[in-house]
Amino acid sequence: MPLTRVSLLKGKPPEYRQAILDGLYQAMREVFDVPEDDRFMTIDEYDKSNFLYGENYLGIARDDNLVIVQITVNNTRGPDKKKALYARIAGLLAKNPGIKPENILVNLLEVPKENWSFGNGIAQYA
């Protein structure tokens with residue numbers, strides 16, 4: 001059950017934003033074996049004054065097309081799966097909507113399974 005939040009600067013068209021969500025979902029389905037219809041995603045858009053980033057942190061040149069992706073998942077996957085996910089996300093988003101891999105920042109948050117309620121006040125995984 002990934003919960004995905006995407007942050008970017010305001011001004012991108014709906015098709016661009018949808019391509020990001022579609023690419024992220026595809027990568028998670030392929031690499032993390034996320035079930036069909038397990039899709040919970042949001043996009044937050046920011047004014048330039050509220051979107052700050054290190055333009056050259058770790059020697060990676062970023063610009064205002066930076067997309068910050070935060071994915072909350074169960075803590076059940078090892079380092080190899082995580083690396084494969086990051087690479088697949090970068091590859092898919094480079095193709096569509098055309099984001100340079102340097103402008104894709106992914107943060108993975110892992111939580112225990114009992115930290116989810118999908119509705120009805122029930123911890124379905126606990």
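This is a tour of a predicted model, stop by stop, with what to select at each one.

**Strands E1 and E2**

Select residues 3–9, strand E1, together with residues 40–46, strand E2; the two pair in the parallel sense over 7 bridges. Now add residues 14–31, which form helix H1. The chain passes from E1 through this helix to E2, a right-handed β-α-β crossover. Back in the strands, show Leu-9 and look across to E2, where Tyr-46 stands opposite.

Keep Tyr-46 displayed and add Phe-51 and Tyr-53: ring pairs link these three residues into a cluster.

**Lys-12 and Tyr-16**

Next, select Lys-12 and Tyr-16. The charged end of Lys-12 sits over the ring of Tyr-16, at 4.9 Å from the ring centre.

**Backbone stops**

Most residues other than glycine have a negative phi, and most peptide bonds are trans. The following three selections depart from one or the other of these habits.

Go to the loop between H1 and E2 and pick Asp-37. Its phi is positive, about 75°, although the residue is not a glycine. Is Asp-37 buried or exposed? With 66% relative accessibility, Asp-37 counts as exposed.

Then move to the loop between helix H2 (79–95) and strand E4 (104–111), and select Pro-97 there. Show Asn-96 as well: the peptide bond from Asn-96 to Pro-97 is cis, and its omega is near 20°.

Continue into the segment after E4 and select Asn-120. This residue, which is not a glycine, has a positive phi near 65°. Asn-120 also counts as exposed, because its relative accessibility is 77%, and the cut-off for exposed is over 50%.

**Aromatic rings**

The model holds 4 aromatic pairs. Select Trp-116 and Phe-118 for one of them, a stacked pair with 6.2 Å from centre to centre and 10° between the planes. How does the accessible area of each partner read? Trp-116 is buried, with a relative accessible area of 10%, whereas Phe-118 is partly exposed at 34%.

Leave Phe-118 on screen and add Tyr-125. The ring centres of Phe-118 and Tyr-125 are 5.0 Å apart and the planes stand at 70°, so this pair is edge-to-face. Tyr-125 is partly exposed, with a relative accessible area of 36%.

For the last selection, add Lys-113 to Tyr-125. The charged end of Lys-113 sits over the Tyr-125 ring, 5.9 Å from its centre.

Notes. Residues are numbered from 1 along each chain as its sequence is written. This is a predicted model: local features need pLDDT of at least 70, side-chain atom pairs count only at pLDDT 80 or more; totals for chains, interfaces and linings use all residues. Side-chain values use heavy atoms; hydrogens and water are left out. Two strands pair if DSSP finds at least two bridges between them. Helices (H or I, at least four residues) and strands (E, at least two) are DSSP runs, numbered from the N terminus. A crossover is right-handed if, with the strands pointing away from the viewer, the path from the first strand over the helix to the second runs clockwise. Buried means under 20% relative accessible area, exposed over 50%, partly exposed in between (1.4 Å probe, protein chains only). Rings of Phe, Tyr and Trp (its six-membered ring) pair if their centres lie within 6.5 Å; planes under 30 degrees apart count as stacked, over 60 as edge-to-face and the rest as tilted. A charge sits over a ring if NZ of Lys or CZ of Arg is within 6 Å of the ring centre and within 35 degrees of the ring normal.
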